[in-house]
Amino acid sequence: MTKSELIDRLAARFPQLVAKDADFAVKMILDAMAAALARGERIEIRGFGSFALNYRPPRVGRNPKSGEKVQVAEKYVPHFKAGKELRERVDLSH
Amino acid sequence: MTLTKAELADLLFEKVGLNKREAKDMVESFFEEIRGALENGDSVKLSSFGNFQLRDKPQRPGRNPKTGEEIPITARRVVTFHASQKLKLAVENIKRDSNGNIRQ
């Protein structure tokens, strides 16, 4: 399912709204989620899961082409942990 | 601060002009459609945010950490999330001080 398919499915669920509203709502939700993570905040959606940031310490990496050593700075990476309902529904359908 | 469904619904109420009921239902439906797709074995690709994919994991040996008893971990299907390049770049430069508070 792509973003545009998600928008179509939501538009079908809300026949009283104009199609543009579902489009705008999806973009708004995703932007708000990305912005929260970019501010270093967590996202907790009960029954779906949580998004948080995982810390990656600085390390010495290598340029795979030249073999040269390069210092890689510390950073944060987004991490998702599925919630109970999502975990169970995905596994039961297996 | 933690972002939850309540804040997302407030945002749809304020910015999209949905009424409170619709805003709450829209947020719930948004996550339900994603859960439904994954439940049906379909991956979900939300460009600019990230992809939710399914992984089938085979049975593997496990252990009860308390008793040391060996118990197999059954085969299962799990959800993995891969952040988009855009989202990765957006969080990469967050810096924290020694108390774990965000610096910039």
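Start by selecting Lys57(B): this residue is partly exposed, with a relative accessible area of 38%. Keep in mind as you click around that you're looking at a predicted model. Lys57(B) sits in strand S3 of chain B, which covers residues 50-57. Now add Arg55(B), Arg60(B) and Arg76(B) to the selection, and together with Lys57(B) you have a positive surface patch. A residue needs over 30% relative accessible area and no salt bridge to join a patch, so Lys57(B), at 38%, clears the area cut-off.

Next stop, still in chain B: pick Glu70(B) and Arg63(B). These two form a salt bridge, with the closest N and O atoms 3.6 Å apart. Are the partners buried or exposed? Glu70(B) is exposed, at 55% relative accessible area, and Arg63(B) counts as exposed too, at 56%.

Now hop over to chain A and show Arg42(A) with Glu44(A). Their side chains meet in a salt bridge, 2.9 Å from N to O. Arg42(A) is partly exposed, at 33% relative accessible area, and Glu44(A) is also partly exposed, at 38%.

Back to chain B for Glu28(B) and Arg35(B). Here the salt bridge runs 3.3 Å from N to O. Check how covered each end is: Glu28(B) is partly exposed, with a relative accessible area of 32%, while Arg35(B) is buried, at 3%. The cut-off for buried is under 20%, so Arg35(B) falls on the buried side with its 3%.

Don't clear that selection yet. Which residues are linked with Glu28(B) and Arg35(B) in a network of salt bridges? Add Glu85(A) and Arg89(A) from chain A, then Lys5(B), Glu32(B) and Glu39(B) from chain B, and you have the network. As a reminder of what's going on in places like this, side chains of opposite charge can pair when their charged atoms come close. If you'd like to go hunting for others, the whole structure holds 17 salt bridges over all chains.

Last stop: Glu33(B). You'll find this residue in helix H2 of chain B, residues 20-39. Glu33(B) is buried, with a relative accessible area of 12%. What is Glu33(B) in contact with, leaving aside neighbours within four places in sequence? Bring up Met1(A), Leu6(A), Arg9(A), Leu10(A) and Arg13(A), and you have its contacts on screen.

How values were computed: Residues are numbered from 1 along each chain as its sequence is written. Chains are lettered from A and ligands numbered from 1 in the order in which they are written. This is a predicted model: local features need pLDDT of at least 70, side-chain atom pairs count only at pLDDT 80 or more; totals for chains, interfaces and linings use all residues. Side-chain values use heavy atoms; hydrogens and water are left out. Patches are made of residues with over 30% relative accessible area and no salt bridge: like charges are joined within 9 Å, nonpolar side chains (Val, Leu, Ile, Met, Phe, Trp, Tyr) within 5 Å. Accessible areas come from the Shrake-Rupley method with a 1.4 Å probe; for residues, only the protein chains shown count as cover. A salt bridge is a side-chain nitrogen of Lys or Arg within 4 Å of a carboxyl oxygen of Asp or Glu. Lys and Arg count as positive and Asp and Glu as negative; His and the chain ends are not counted. The place of a charge is taken as NZ of Lys, CZ of Arg, CG of Asp or CD of Glu. Helices (H or I, at least four residues) and strands (E, at least two) are DSSP runs, numbered from the N terminus. Buried means under 20% relative accessible area, exposed over 50%, partly exposed in between (1.4 Å probe, protein chains only). Contact means heavy atoms within 4.5 Å.
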